[in-house]
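Morning, everyone. Please bring up the structure, and I will walk you through some contacts.

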There are 2 protein chains.
Amino acid sequence: MSRSGLPDRPDGGAPAESDLTLRARAARAIPGGLWGHMRAQGLPPGYPQFFSRADGCKIWDADGREYLDFMCSWGPIVLGHHDPDVEAAADAQRRAGDVMNGPAPVLVELAELMTRQVAHADWTMFAKNGTDATTVCVTVARAAGGRRKVLVARGAYHGAAPWCTPSLVGVTAEDRAHLLHYRYNDVASLEEAAAQAGEDLAAVLVSPFRHDYGVDQELADPGFAQAVRRLCDRTGAALILDEVRAGMRLDLAGSWEPLGVRPDLAAWSKAIANGHALAAVTGAERLREAASSIYATGSFWCGAASMAAAVATLRKLQAVDGVARMRAMGERLRDGLAGQARAHGIGIRQTGPAQMPMLLFDDDPQAELGAAFCAEALRQGVYLHHRHNMFLSVAHRPEDIDRALEATDRAFSAVAALRG
Amino acid sequence: MSRSGLPDRPDGGAPAESDLTLRARAARAIPGGLWGHMRAQGLPPGYPQFFSRADGCKIWDADGREYLDFMCSWGPIVLGHHDPDVEAAADAQRRAGDVMNGPAPVLVELAELMTRQVAHADWTMFAKNGTDATTVCVTVARAAGGRRKVLVARGAYHGAAPWCTPSLVGVTAEDRAHLLHYRYNDVASLEEAAAQAGEDLAAVLVSPFRHDYGVDQELADPGFAQAVRRLCDRTGAALILDEVRAGMRLDLAGSWEPLGVRPDLAAWSKAIANGHALAAVTGAERLREAASSIYATGSFWCGAASMAAAVATLRKLQAVDGVARMRAMGERLRDGLAGQARAHGIGIRQTGPAQMPMLLFDDDPQAELGAAFCAEALRQGVYLHHRHNMFLSVAHRPEDIDRALEATDRAFSAVAALRG
């Protein structure tokens, strides 16, 4: 039985196995024990690899330990696990039909909803992975003008396909042949990269803010965002906003809407369906023909249950003013952490939007202090990340934040002790 | 109300809209009205674009018309829609947790099951799209030896990413720089392409049989399959079997197992989770290190509900001898069609494995006879495809095949009338 009193295996199957046993089995059946960003090897000691259950803003590991969660499944969970409205919508659609010979009517409903809600959007299409969405955006931009070069910010993550993956293992030089790099928030470097691309500039790919792994986040300088827009207007290149990570947490009309800058294309995934697998591309009218000219598809891209989940998710985010609630909870957490750090005499940096918190320690280049902090918070039942931005959800309530702050106060004590 | 007596919208929402109205709305909200292989534009007149419901081997379009289905959602539906065992397993896992901060224990269970069941497999990893799986295979093959060239059969479909998509719109020459082509079942052309690749040969990518769009299917010549294996053994290249379309319909241990040829890597998707979005890569021991060295990931790749669905799907296919049942039903259909064609004096070609039927008409280069045949079958309540291979499922029973044959007899009459 888990700490919640529910059985570890709600299906009444075999008794739950420990995280350690599961890891040992995974090490044989799966290369490296797990792929990609969910490998627990990079996390501080004590972090679990396997999870047995989730509900609201709480998660349970395979050993039945309960945590208050601040990763939200690396972004997708925006309303909390098992949001009743989202699950009811997905269940109803699933009972009717999910993956069929063509889409369900909900495809149109969702495309219209996205097109209405997202300020720059005149059309929408869907896929499964964030990488699908960024890849479609780049392909559409290239199709529009027959140009090839794409500017990307150095260190930014835009997916795991050969053309964009952060690792070059198994990737050819040709896969990256038409990427050129600029520094985020640096207009001069942007113009320099654009000059290198010359007449061959197809697109500028940019995140709503700088949320690179392991370094301080940077909000977009409004002047930078406007310079990207002007560059694209001047050259005819497409401004592609990669909303995969930040989308629907900053502004439901688009993360750069508060800056008054509208992209030509935007890639969405993660939070748009509260954990159901879905991605989307929104685009401006001038790219509609190009978008209809490319070939992009997948066996499950018309899956209707995830689309019904997305309709419910977007409507609920609107109805409850989810962005404001996440921001308020993020600020409550941020203020609390700032006060605790001061009280403990520990220098920290909290960067980026409050609803996507990043916490790094001063004088901690190897993130050892961060690791000690997070390991102690974990022992106190709070799941944080020491090098990746975290995520708030609408399910986080003031009492959850306050409970988290009790844990982080002890975690700061552990850091203080470590520093002697 | 649909013909089944169930409401068109089981969620009690707005009244159902017609296919035509939905298409008009989609034409505004979605580029071209829909992307990829599910656009109904390429189908004969009368085919619906939107589906409201599915159950077993039956589907209902947005206008409530019921069809006996032979596309199985383009492959994923292998046990029939709403298989109770699969849905119960997926529901139980979903109630526990689906997309979480890491995988659920079912990841290990499924990886072990795939590794046991698939003869060549020493390990397994998971993704969402078939394209993810073929891309991971190619990346692993390149990572293993630092070589770059990949041989693919001319006209074969291996996914929709820039490196493999059948359309070159929005794709750069560099995306395809390291592809070399051979003719399926042609050992000389294979050796020629390999010679072109020389020391840079990373992989041979091959489908279990030739299932290209619009042309007769070809089973793999055993001598060809063995030649691919020998070539890879001789050169150290990886033999990648693209099981995305055929996987779990020909042989649960791998589609080339009856030929005695085992690949080094195989890409799976579509049928492995009976319609739940999932893909997998299986691999041989010698590629384990390479597979753990690459970076490939996605936000939903650890989604546990689809994995629970896959465990239930694979177990049930085994328990009911699903492959034999699909083959028997495919042969019943094939024999019936052959007899009808003879009786009507119409020349047809039925190619490929019976459980993935392809029906083409003689002297029909534009598939006009095929279109007339399928349009009439559709009017008779049977959903076929005139240019793409179709799919049987375990839900197809003898009485369904016999009912389909009643429709196709009339469809042959329509073709005979058309030919005068």
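I will start with the contact between the chains, then turn to two helix pairs. One thing up front: this is a predicted model.

So, the two chains. How many residues does each put into the contact? Chain A gives 101 residues, and chain B gives 101 residues. About 8,400 Å² is buried between chain B and chain A. Carbon and sulfur atoms give 61% of that area.

Which three residues of chain B supply the most? They are B:Trp35, B:Asn101 and B:Tyr295. Together they supply 11% of the area that chain B buries against chain A.

Now the polar side of this contact. There are 34 residue pairs in polar contact between chain B and chain A, counting pairs with both residues at pLDDT 80 or more. The count of salt bridges between the chains is 4. Look at A:Arg148, which forms a salt bridge with B:Glu174. Their closest N and O atoms are 4.0 Å apart.

Where on chain B does this come from? Several elements each supply at least two residues to the side that touches chain A. Among them are helix H1 (19-29), strand S1 (51-55) and helix H2 (84-96). H3, strand S4 (123-127), helix H4 (130-145) and helix H7 (288-293) belong on that list too. By class, that side of chain B has 51 nonpolar, 29 polar and 21 charged residues.

Next, a helix pair that spans the two chains. Two packed helices are described by the angle between their axes and the distance between the axes. Take helix H1 of chain A, residues 19-29, and helix H3 of chain B, residues 106-117. They pack at about 35°, with axes 9 Å apart. The crossing is left-handed. From H1(A), the contact uses A:Leu22, A:Arg25, A:Ala26 and A:Ala29. From H3(B), it uses B:Val108, B:Glu109, B:Ala111, B:Glu112 and B:Thr115. That makes 5 nonpolar, 1 polar and 3 charged residues.

Last, a pair inside chain A. Helix H3, residues 106-117, meets helix H8, residues 304-319. Their axes come within 9 Å and cross at roughly 35°. Which hand does the crossing of H3(A) and H8(A) have? It is left-handed. On H3(A), the contact residues include A:Leu107, A:Leu110, A:Leu113 and A:Met114. On H8(A), they include A:Met307, A:Ala308, A:Val311 and A:Leu314. The residues of this contact divide into 11 nonpolar, 2 polar and 2 charged.

That is the tour. Thank you.

Definitions and conventions
Residues are numbered from 1 along each chain as its sequence is written. Chains are lettered from A and ligands numbered from 1 in the order in which they are written. This is a predicted model: local features need pLDDT of at least 70, side-chain atom pairs count only at pLDDT 80 or more; totals for chains, interfaces and linings use all residues. Side-chain values use heavy atoms; hydrogens and water are left out. Axes are lines fitted to C-alpha atoms, for helices over the stretch in contact, and angles run from 0 to 180 degrees between N-to-C directions. Helices (H or I, at least four residues) and strands (E, at least two) are DSSP runs, numbered from the N terminus. A crossing is left-handed if the near helix is turned anticlockwise from the far one by less than a right angle, and right-handed if clockwise. Contact means heavy atoms within 4.5 Å. Ala, Val, Leu, Ile, Met, Phe, Trp, Tyr, Cys and Pro count as nonpolar, Asp, Glu, Lys and Arg as charged, and the others, Gly among them, as polar. Buried area is the accessible area (1.4 Å probe) that two parts lose on being put together, summed over both. A salt bridge is a side-chain nitrogen of Lys or Arg within 4 Å of a carboxyl oxygen of Asp or Glu. A polar contact is a pair of N or O atoms within 3.5 Å; within protein, one must be able to donate a hydrogen and the other to accept it, and residues adjacent in sequence count only if both atoms are side-chain atoms.
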